[in-house]
Amino acid sequence: MEHPNIDLVRGVYAAYLSGDRDTLATRFEPSIRWHNSGFDATSGDLEGIDEVFGYLFADNHLEDYGLDVVDILASDERVAVIARTSGRAGDRTLTNDFVQVIRIADGRVREVWNYNWDQRALAEAFPVAA
C-alpha cells in the first residue's frame, strides 16, 4: 500500500494532465502557495488558486508536453517528486529534470516548490519580457 500523500499527488498530477480544474480545486488549499525556481518568465511565487491556475493553464508552456515521474517519496507532511518534462518551445526542444516538493496539510496541497535542473535552458525558452 502506498502512502496516502502519494495517492493525493498522483491524483493531482492526473487532474492537471487531463485539465480537470474542478478536481484540482478540491485538492488544493484555497490559499496555496507555489514557488518556481529560476530566472525565466515562469519563475517566482504565486499565491491562491486563481494565480496557481493562471500559471498551470497558461499558454506559455511547452507544446507536445510530456511528463515522466521517476520517483515519489512521501512523509506525513511532504511529498517529493523527481521527474522529467519534455516538449517544444517553438522550434526548440527542451528536456528538464526537476524536483518538486509538496507540503500537505489536512489532505490538501498547501505549498509547492519546483526546483528545475536546467534553469538556463528554461530562461532561453521562456525569456522574461523586457
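Before you click anything, one yardstick: a residue is buried under 20% relative accessible area, exposed over 50% and partly exposed in between (1.4 Å probe, protein chains only). Try it on Arg33, which is partly exposed with a relative accessible area of 34%.

A word on the model. It is predicted, so local features need pLDDT of at least 70 and side-chain atom pairs pLDDT 80 or more, while totals for chains, interfaces and linings use all residues. Residues are numbered from 1 along each chain as its sequence is written, and side-chain values use heavy atoms, with hydrogens and water left out.

**Stop 1: the sheet**

Switch to cartoon. Helices (H or I, at least four residues) and strands (E, at least two) are DSSP runs, numbered from the N terminus, and two strands pair if DSSP finds at least two bridges between them. What you get is an open sheet of six strands in the order 2-1-6-5-4-3, with mixed pairing. Select 44–47 and 63–74 for the edges: strand 2 and strand 3 each pair on one side only. Neighbouring strands are turned by 20° against each other on average, direction ignored; axes here are lines fitted to C-alpha atoms, for helices over the stretch in contact, and angles run from 0 to 180 degrees between N-to-C directions.

Now walk across the pairs:

- Strand 3 with strand 4 (78–89): antiparallel, nine bridges. Pick Gly66 and you'll find its bridge partner Ser86 in strand 4.
- Strand 5 with strand 6: antiparallel, eight bridges. Ala105 has Arg108 as its bridge partner, and in the hairpin, with two residues between the strands, Asp106 takes a positive phi near 55°.
- Strand 1 with strand 6: parallel, five bridges. Here His35 stands opposite Trp113 of strand 6.

**Stop 2: the helices on the sheet**

Select 4–18. This is helix 1, lying across strand 1 (28–36), strand 3, strand 4, strand 5 (92–105) and strand 6 (108–116), at about 175° to strand 3. Then take 49–56: helix 3 packs on the sheet and touches strand 1, strand 2 and strand 6, its direction making about 50° with that of strand 1. Contact means heavy atoms within 4.5 Å.

**Stop 3: Val69**

Zoom in on Val69 in strand 3. Which residues does Val69 touch, not counting those up to four places away in sequence? They are Tyr13, Val81, Ile82 and Ala83. Val69 and Tyr13 are 56 residues apart in sequence and 9.7 Å apart in space, C-alpha to C-alpha. With a relative accessible area of 29%, Val69 is partly exposed.

**Stop 4: the charged network**

Show Glu111 as sticks. A salt bridge here is a side-chain nitrogen of Lys or Arg within 4 Å of a carboxyl oxygen of Asp or Glu, and the count comes to seven. Glu111 forms one with Arg33, the closest N and O atoms being 3.8 Å apart. Glu111 lies in strand 6 and Arg33 in strand 1, so the pair ties together parts that are 78 residues apart in sequence. Glu111 also has a salt bridge with Arg103, at 3.1 Å between the closest N and O atoms. Add Glu47 to the selection: salt bridges that share partners join Arg33, Glu47, Arg103 and Glu111 into one network. Is Glu111 buried or exposed? Buried, at 10% relative accessibility. Arg103 is partly exposed at 24%.

Last, select Arg78 and Glu77, whose side chains meet in a salt bridge (3.5 Å, N to O).
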